Amino acid sequence: MAITGVDPSSYYGDYYSNVSNASKDALEKTLSTVDDQTSEEELMKACKEFEAYFVEQIFKGMEKTIVKADDDSDVSKYTDYFQDMQTQEYAKIATDQGDGIGLANQLYQQMKRNYGL
């Protein structure tokens, strides 16, 4: 039984754009609250979030270089949506392992000097 008159891609597009901007908005909110009253743990957390966002953007840039088959099915659209969520998680994991790429630590040291923490 097919449902007619409902285009899932229209719902998907709105939801996808909201989710893809969520990490950017959360990062901006976190960084805007950093001041001289911020604890060192909060500052490091904000720096790690920035590094994760940066790594996520690198991963997304690499994904754009992959040639994909043209497939306009709903399955393909949902796969793309969940792949974006997976990329965000991979970026967080890459940042949390060891020193990540080192960007968070460099930001932390610089902001610690600037805010006198």
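At 38% relative accessibility, Ile 58 counts as partly exposed. This residue of the predicted model is found in helix H2. Together with Phe 54, Met 62 and Ile 101, Ile 58 makes a nonpolar surface patch of about 380 Å².

**Overall architecture and confidence**

The chain contains 4 helices and 0 strands, and its pattern along the sequence reads α-α-α-α. Of the 117 residues in the chain, 22% are buried. The chain exposes about 8300 Å², and carbon and sulfur atoms supply 54% of that area. When contacts between residues at least 6 apart in sequence are considered, 84% of them join residues at least 24 apart.

The mean pLDDT of the chain is 76, with 67% of the residues reaching 70 or more. Confidence is lowest in helix H1, which spans residues 8-32 and has a mean of 58. Helix H2 stands at the other end, with the highest mean, 89. Where pLDDT is low, the predicted coordinates should not be read in detail.

**Salt bridges**

Side chains of opposite charge can pair when their charged atoms come close. A search of the whole structure finds 4 salt bridges, among them the three tabulated here.

| Salt bridge | N to O distance |
|---|---|
| Lys 60 and Glu 56 | 3.0 Å |
| Lys 60 and Asp 84 | 3.0 Å |
| Glu 89 and Lys 92 | 3.6 Å |

Glu 56, Lys 60 and Asp 84 are linked in a network of salt bridges. Within this network, Lys 60 and Glu 56 both belong to helix H2, where they are 4 residues apart, or about one turn of the helix. The side chain of Lys 60 also meets that of Asp 84 in a salt bridge. Because Lys 60 lies in helix H2 and Asp 84 in helix H3 (residues 74-96), this pair ties together parts that are 24 residues apart in sequence.

Are the members of the network buried or exposed? Lys 60 has a relative accessible area of 17% and is therefore buried, the cut-off for that class being under 20%. Glu 56, at 3% relative accessibility, also counts as buried. Asp 84 is likewise buried, with a relative accessible area of 5%.

The bridge between Glu 89 and Lys 92 is set within helix H3, where the two residues are 3 apart, about one turn of the helix. Here the partners are partly exposed: Glu 89 has a relative accessibility of 42%, and Lys 92 has a relative accessibility of 44%.

**The start of helix H2**

Helix H2 covers residues 40-64, and Glu 40 lies in it. Which side chain does Glu 40 join through a polar contact? The partner is Tyr 108, and the contact between the two side chains is 3.0 Å. Glu 40 also lies 7.7 Å from Lys 112, C-alpha to C-alpha, although the two are 72 residues apart in sequence. At 34% relative accessibility, Glu 40 counts as partly exposed.

**Summary of helix H2**

Several of the features described above involve helix H2. Glu 40 lies in this helix and has a polar contact with Tyr 108. The Lys 60 and Glu 56 pair lies in the helix as well, and Lys 60 connects it to Asp 84 of helix H3. Ile 58, also in H2, contributes to the nonpolar surface patch.

Conventions:
Residues are numbered from 1 along each chain as its sequence is written. This is a predicted model: local features need pLDDT of at least 70, side-chain atom pairs count only at pLDDT 80 or more; totals for chains, interfaces and linings use all residues. Side-chain values use heavy atoms; hydrogens and water are left out. Buried means under 20% relative accessible area, exposed over 50%, partly exposed in between (1.4 Å probe, protein chains only). A polar contact is a pair of N or O atoms within 3.5 Å; within protein, one must be able to donate a hydrogen and the other to accept it, and residues adjacent in sequence count only if both atoms are side-chain atoms. Patches are made of residues with over 30% relative accessible area and no salt bridge: like charges are joined within 9 Å, nonpolar side chains (Val, Leu, Ile, Met, Phe, Trp, Tyr) within 5 Å. Accessible areas come from the Shrake-Rupley method with a 1.4 Å probe; for residues, only the protein chains shown count as cover. pLDDT is the predictor's confidence in each residue, from 0 to 100. Contact means heavy atoms within 4.5 Å.
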